[in-house]
Amino acid sequence: MVSTGKKEAVLEFRGVTKRFGDTVAVNALRLSVHEGEIYGLIGPNGAGKTTTVKMAAGLYRPTTGTVRVAGIDMSGEPTKAKAHLGYVPDDPSAYDRLSGREFLQFIGEIRGMDRDARDARIEALLDEYHIRGLADGAFGAYSRGSKQKISFIAALLHQPAVLLVDEPMVGLDPESARITMRLLTEYAHGGGAVLLSTHSLGVAEEICHRFGLLKEGKLMMEGTAADLAARAGTGGSLEKSYLTLTGAAS
Amino acid sequence: MFFTLLRNRSNDTLAALRGAGWAQGAVIGAFGVIGIGTFCGAFVFFLNAFHRLLGLEFAGLVLTRYVLEASFAFVFFLGVASFLASSSYFFYRDEELTLLMALPIPPERIFGYRLFAAAAASSWPVALLAVPALGAYFAAQGAVTPEHFLFILVVVALFTLAIAFCGALLSFLFAPITRRLPAFLRWALETATFLGAMVLLARMVIPRTVFALFAVYGPAEAAAADARLTAMFRWFPSSPFVRVIMDAGAGSGPMAAWMIAATALALVMLAAVLALLARASYLRLWQSYGARAFIARAHDKEGFPVARPRSSFPRFFRLGHGFLLEKDLLMLVRDGGEMARAAFLGGLMALGVVGMRAIAGTEALSSPQLFVSAVTFAFSAVTYLALTFCMRFAYPAFSLEGRGAWAVLSSPVHQHEVYSWKFYFWALVMLVLTLPATLLVSMAFGLPYALASFLLFIMACVAVSIVAVTLGQGALFPHRRLSNPDLIATTPSGLAATGVSLAYLFIIARYVSSAVAGYLRDGGVPERDIFGALVVSVALTGGYYFFVSRRMDEGDLAA
């Protein structure tokens, strides 16, 4: 995937550190995601990827540093900043007793969407995944993949400026994974910015413009897949670069 | 294999106890103290009773037998009911079973292991009532030798096994019926069966007139009364145990030993039947319990008619952030298990009100002091149940918000809005629950209009205040990694919420008591009591509401 070129940064981490007691989960993180860019956050388990995404979503408050969404400080004006965000969590479970459609309508309400526009958008996105037929089933009765799709639709519903996605492919069948990749790409083409945390390196290599490699809370390096390959000296796939750079190959 | 599983289980339990925080330790300690207190109280009660009864010339042994028969029948009933209530968890729903069933272990062995765990869990009536009764009986008879202790141990072990085996047999009979029932229907069925059996037991073992059974003035009447007792309890599996105990207490050692051997043999045969049943059907039953359909179809089939969207959300609360309230309402009313638990607590409240009606009808309340105490007690009982309800439902509301609450927390809504709408919702629920109960209490005691109005007003304050405290504490200290509301309620902040609420309820009870006494004395509710209760309630509600609202948007939102 080639770079989209320099555009305005809509998601920025400025020297962000997050501590949980004595544990430093994220250490002095500086990164930015620009309009029209899909930024892949990769790294081993415990590297701080989910913590980073949760800070961007406003679920965690940085110990030091600031997270800015569309130029708005998440800690200072969280409600304004969150209005520009869509978030797909690593565990897509939510309200078991609402139907998928009710859940999406609830998200539309909480994001202040006009009801007619909300319903039209829901139907359109359900059609993208061809899952209109299951939208009236109870959310708690869905398989993980179905929950994942509904959560994805919920994140895209209000056409946010920034999309935060934590492990989007878990539980999806290959066809749905393809649809998700297409939706992400189209979203970025439309000017949206995506921060994608994932272990699915094949998928990331295919759709991400740039990567950030996190290890033990620190951003070890960032760049395109080619940059990572050059740094690793492998010249091969993203997976090879990853294994070499994280020391997992040895 | 059996002992390995058992050792593993007990190690797990010990580790959980060691790892419990101070709050859970305090709760466990409190239950321990209550258990020891109940044991000691029951022992002293039975010892006094048996000393007095055995002192009677002819009626002594008959009355002692009646007390033992009735007590053991009650313990047996409670034990089996407790076993049945927990059996679906122990035999079918415990997550450990998923691992065990995948291992090459015969299902009857797994069943035996789970039977042991279920028997231990349902042995509390034996420990709290049967053991003190047995110990007191032998102490009253002066039989306190090591042989008697050994005898008590054997009888208690066999009696516990008898309860467990009967419970297991019944659970096998019920499982094919109950496994398909939704949670709320299962709860309703179990509660109805329990109450029905309780009424039946009371009708069977409580004589209509005492004289019909126990007018014993000589050996002939004693023998006749004993025969009536035999007829009365002949269908109770606890009766053979009482005969063994009576024989041993009366010095008929060989006869007791024979009867114990016969009872043990009967239990071995019952165990064999259970093993056969387990081998034939346990695995199949467990599989059918665990099998749940979930919606996984990835795509709408082509040409398959797509259902028209059902009604739009929100339907009822369409203004402002009312959809937050409607979401909570739907989540509650659509959850059969939670509704059943709410109905159970509501039923307890109704049962309490019926009991108060009975108290209110007695002549003992002709004394003003007793009347004041009774009204205060009745009012406090409703407030206590309301607190129990709040701790079970309102306190964990933030911790259990949509599995990690990511949908709400990552949305552009102020968290104090979420808190406010939850507050309105639970305050409304508590008002709906407590005000009719208070009205019924007022009617039961025939309270005048002014006093009844005062109680309703104070109850409204209480309902709103304890929601503010419990919901507020739960919002300030959410436990999003826990999914069990009972565990959430026993965290330090949960105990703090209980403590603050109890202190508040105590103060309110003082005002109620003072107001009722004042009304009886002067014919009007003293203004200082109205204002006092109001000021305390407003201060507590306002304090929590504003403090929580200010703190909600600070710090980490997700745990």
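In this predicted model, A:Ala28 sits in strand 2 of chain A, the strand that covers residues 23–34. The backbone there deserves a second look: the phi angle of A:Ala28 is near 45°, which is a positive value in a residue other than glycine. With a relative accessibility of 47%, A:Ala28 counts as partly exposed, because exposed would require over 50% and buried under 20%.

A second alanine of chain A invites a similar look. A:Ala70 has phi near 50°, again a positive value in a residue that is not glycine. This alanine, A:Ala70, belongs to the loop that links strand 4 (64–69) to strand 5 (72–73) of chain A. The relative accessible area of A:Ala70 is 33%, so this residue is partly exposed.

Turning to chain B, the secondary structure comprises 21 helices and zero strands. Chain B has 559 residues, and 45% of them count as buried. Contacts within chain B can also be sorted by sequence separation: taking those between residues at least 6 apart in sequence, 81% join residues at least 24 apart.

Helix 2 of chain B, residues 22–54, offers a simple check of geometry. Its 33 residues should span 48 Å at 1.5 Å a residue, and the C-alpha atoms at its ends are 47 Å apart, so the two values agree. The buried residues of helix 2 of chain B are B:Ala23, B:Val27, B:Ala42, B:Phe46, B:Ala49, B:Phe50 and B:Leu53. Their cover includes helix 3 (59–93), helix 6 (124–140) and helix 20 (492–522) of chain B.

The same kind of check can be made for helix 17 of chain B, which runs over residues 415–444. This helix has 30 residues and reaches 43 Å from the first C-alpha to the last, close to the 44 Å expected at 1.5 Å a residue. Just after helix 17 of chain B comes B:Gly446, with a positive phi of about 60°.

The packing of one helix pair can be followed in some detail. In chain B, the axes of helix 5 (residues 107–121) and helix 7 (residues 146–178) come within 10 Å and cross at roughly 120°. That angle falls outside the 65 to 115 range counted as roughly perpendicular and is not over 145, the bound for roughly antiparallel; helix 5 and helix 7 of chain B are therefore oblique to each other. The crossing of these two helices of chain B is right-handed. From helix 5 of chain B, the contact draws on B:Phe111, B:Leu115 and B:Ala119, which meet B:Thr160, B:Ala164, B:Phe165, B:Ala168 and B:Phe172 of helix 7 of chain B. By class, the residues in this contact between helix 5 and helix 7 of chain B are seven nonpolar, one polar and no charged.

Helix 12 of chain B and the loop that follows give two further points. B:Val268 is placed in helix 12 of chain B, and with a relative accessible area of 55% this valine, B:Val268, is exposed. B:Val268 and B:Ala539 are 271 residues apart along the chain, and their C-alpha atoms are separated by 64 Å. In the loop between helix 12 (253–290) and helix 13 (322–333) of chain B lies B:Pro314. The peptide bond that leads from B:Phe313 to B:Pro314 is cis, with omega near -5°.

Note on methods
Residues numbered from 1 in each chain as written. Chains lettered and ligands numbered in written order. Predicted model: local features only at pLDDT ≥ 70, side-chain atom pairs only at ≥ 80, totals over all residues. Heavy atoms only, no water. Axes fitted to C-alpha atoms, helices over the stretch in contact; angles between N-to-C directions. Helix = DSSP H or I, 4+ residues; strand = E, 2+ residues; numbered from the N terminus. Parallel < 35°, antiparallel > 145°, perpendicular 65-115°, else oblique. Left-handed = near helix turned anticlockwise from the far one by under 90°. Contact = heavy atoms within 4.5 Å. Nonpolar A, V, L, I, M, F, W, Y, C, P; charged D, E, K, R; others polar. Expected span 1.5 Å × (residues − 1). Buried < 20%, exposed > 50% of the residue type's maximum accessible area, 1.4 Å probe, protein only.
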